[in-house]
Amino acid sequence: MHQTLISAEQLAALPTERLVILDCRFRLDQADYGLTVYEAGHLPNAHYLNLDYHLSGSKTGGNGRHPLPDGSRLAVDLGAIGITPDTQVVAYDDAAGQYAARAWWLLRWLGHSAVAVLDGGVPAWTRAGYALDNQAAERRPCRFSIKPALEDTVDAAAVLANLEHPAFTVVDARSAERFRGEGETLDPVGGHIPGAANRFFMHNVDADNRFKPAEQLHAEWLAALDGVDAADVVHQCGSGVTACHNLLAMRHAGFEGARLYPGSWSEWCSDPARPVAR
């Protein structure tokens with residue numbers, strides 16, 4: 001069972017009868033990008049899941065740009081493509097794993113442990129000599145069973161209370177520039193949650209957009225956490241997506257217990273009463 005990362009070679013060797021592959025390609029500035037490239041060519045028998053439609057819930061204006069989906073609705077979508085309790089799920093994208101990591105985290109949130117991200121995504125698959133196709137994926141509908149969550153969350157109220165009575169450390173996955181409040185283009189307010197630390201999610205990968213070795217990530221995260229226990233870490237980003245990349249990197253490196261603030265900066269800054277640091 002693969003629970004964090006899987007290589008192209010490992011994926012190609014897996015038996016297909018208990019395997020579901022998820023194509024999670026997406027671009028924030030191009031709504032139809034993912035489906036367009038999926039239809040042009042995807043991993044054999046992969047199913048397409050859209051970040052806005054499948055992997056996020058309804059926006060209210062105050063709950064962030066990519067709020068968590070309703071778990072029961074997501075379970076219906078996952079059952080429709082044949083994910084059973086003993087299915088190995090593999091998610092991929094072409095963006096260093098940032099969208100695939102969201103799918104990875106959501107499946108774990110619904111209690112499914114056999115889920116991994118294709119390390120290096122589509123480029124790694126094709127570089128390894130494997131083909132893409134444009135055939136429709138086979139569907140084997142079933143009932144997806146929600147089990148006790150393997151991932152935990154905190155809400156904005158908990159993050160706000162933490163400012164006065166610190167119980168955890170917030171780690172922001174955005175770039176250093178956005179963390180400082182410089183050049184913000186996605187959200188109406190620039191800056192960060194007071195007291196947050198910064199670990200840009202792209203620092204988890206190498207020049208080929210593959211995750212760094214687990215030992216290297218372990219050492220880097222030890223330094224970044226500076227003595228804070230992993231169970232006392234809450235991850236956030238702009239909208240709760242790339243924070244999942246940091247969660248995946250930490251788990252791959254052997255750290256357990258970190259949580260997600262799903263609303264992240266886009267939710268936090270929607271309320272002018274919440275403090276902002278720059």
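This is a quick talk about the cavities in the structure above.

Okay, housekeeping: we're looking at a predicted model, where local features need pLDDT of at least 70 and side-chain atom pairs count only at pLDDT 80 or more, while totals for chains, interfaces and linings use all residues. Residues are numbered from 1 along each chain as its sequence is written, and side-chain values use heavy atoms, with hydrogens and water left out.

So what's a cavity here? On a 1 Å grid over the protein atoms alone, it's a set of points where a 1.4 Å probe fits but cannot get out, and lining residues have an atom within 4 Å of a point. Points are joined across faces, edges and corners, and the volume is the space filled by probe spheres set on them.

We get two cavities of 30 Å³ or more. The largest holds about 40 Å³. Around it sit Trp 104, Glu 151, Leu 247, Met 250, Arg 251, Phe 255, Gly 257 and Ala 258. Helix H9, residues 243–252, gives the most to that lining, three residues. Helices, by the way, are DSSP runs of H or I, at least four residues, numbered from the N terminus.

By character, that lining is five nonpolar, one polar and two charged. Nonpolar means Ala, Val, Leu, Ile, Met, Phe, Trp, Tyr, Cys and Pro; charged means Asp, Glu, Lys and Arg; the others, Gly among them, are polar.

Now the second largest, at about 30 Å³. Its lining includes Leu 22, Leu 49 and Ala 103. Helices H3 (71–80) and H4 (100–109) each give two or more residues, with H4 supplying the largest share, three. What's the split here? Eight nonpolar, no polar and no charged.

Notes: 1 Å grid on protein atoms, 1.4 Å probe; cavity = no way out; pocket = protein on both sides within 12 Å on 5 of 7 lines; lining within 4 Å.
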